[in-house]
Amino acid sequence: MENYLEINKNSWNAKVEPHLKSDFYFVDEFLKGRTSLNSIELELLGEVKDKTILHLQCHFGQDSISLSRMGAKVTGIDLSDKAIEAAKDLAQKAGKNTEFICTDLYNLPNVLDQKFDIVFTSYGTIGWLPDLGKWAKIINHFLKDGGKFIMAEFHPVVWMFDDDFKEVKYNYFNEKPIVETYEGTYADQSADIIQDNVMWNHSLADVLQNLIQNDIKIENFKEYDWSPYPCFKHVEEFEKGKWRIPQFGNKIPLVFAIEAQKKSHRN
């Protein structure tokens, strides 16, 4: 899949306009001050005032701007040029000087020369990356010694099922690229768009081992039997802001989260 970047960039560019209009992203409320961050990641992030944060795969930057509102100095990066344009516009409207860069994640060291206190990534990001070894090297590269890596992501068990959660359709392990055409979008399933996607499933071992092998020490690992987003088909809200797949109830994990630290090599 040598052209996966072009395919996925086109896909994410197509999503930007319907996402900006969707209730899922509540842009009007966001601009009035509502945060886009959830309890899962806020708990692990802790106090971020005056911290430098690199936000990987930021879409149109709501989480990046939310972190800026908390007093952090934030740089968000994303593959989609339309998403980054929208992010800059949102930051301006929100009165925040959050920085945004349009780039493929693997190319980031060629366009950014800075070390950060925190590298952050969340929800629906690693599935777009073929190689988590290269991903973990990027995280190591941009973290200061002793810096924190914070991640919240959908659990790989979820990606094994078909869209209606009736059968196991996909391999838990990263066997090969998953190439599909999708109508609508998770934020608005009635959106009048059809996109091709290229994605990869990654096991928990793939995530954890690549971080460990790149001097990033896992300090906190959590799994959750709910999602903070209604982004799957047929979900139901069992508590405010918490969704589950009804036929599974609390029997499967929907999200995992990691707090980790780059090892310090100073004597």
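Me: Buried means under 20% relative accessible area, exposed means over 50%, and partly exposed lies in between, with a 1.4 Å probe and protein chains only. Why is K242 called partly exposed?

Reply: K242 has a relative accessible area of 23%, which falls between the two cut-offs, so K242 is called partly exposed. The model is predicted, so local features need pLDDT of at least 70 and side-chain atom pairs count only at pLDDT 80 or more, while totals for chains, interfaces and linings use all residues. Residues are numbered from 1 along each chain as its sequence is written, and side-chain values use heavy atoms, with hydrogens and water left out.

Me: What makes K242 and E239 a salt bridge?

Reply: A salt bridge needs a side-chain nitrogen of Lys or Arg within 4 Å of a carboxyl oxygen of Asp or Glu. The closest N and O atoms of K242 and E239 are 3.6 Å apart, so this pair meets the definition. E239, at 43%, is also partly exposed. In total, the structure holds eleven salt bridges.

Me: How do you know that D81 and K9 tie together parts that are apart in sequence?

Reply: The closest N and O atoms of D81 and K9 are 3.9 Å apart, and the two form a salt bridge. D81 belongs to helix α5 and K9 to helix α1, so the pair joins parts that are 72 residues apart in sequence. Here a helix is a DSSP run of H or I with at least four residues and a strand is a run of E with at least two, both numbered from the N terminus. D81 is partly exposed at 29%, and K9 is partly exposed at 28%.

Me: Why is K262 called buried, and what does K262 pair with?

Reply: The relative accessibility of K262 is 9%, which is under the cut-off, so K262 counts as buried. K262 forms a salt bridge with D145, with the closest N and O atoms 3.9 Å apart. K262 lies in strand β11 and D145 in strand β5, so this pair links parts that are 117 residues apart in sequence. D145 is partly exposed, at 30%.

Me: How do you know that K15 has no salt bridge?

Reply: Lys and Arg count as positive and Asp and Glu as negative, while His and the chain ends are not counted. For the buried K15, the nearest side chain of opposite charge is D78, at 9.8 Å, so the 4 Å limit is not met. K15 is found in helix α1, residues 4–21. Leaving aside its neighbours within four places in sequence, K15 is in contact (heavy atoms within 4.5 Å) with residues including W128, Y186 and N197.

Me: What makes F26 stand out in its phi, and why is F26 called buried?

Reply: Most residues other than glycine have a negative phi. F26, which is not a glycine, has a positive phi of about 35°. F26 sits in the loop between α1 and α2, and its 15% relative accessibility is under the cut-off, so F26 counts as buried.

Me: Which residues touch the most other members of the largest nonpolar core?

Reply: A nonpolar core is a set of buried Ala, Val, Leu, Ile, Met, Phe, Trp, Tyr and Cys residues joined through side-chain atoms within 4.5 Å. In the largest one, with 49 residues, I40, I53, F60 and F120 touch the most other members. Helix α5 gives the most to this core, with seven residues.
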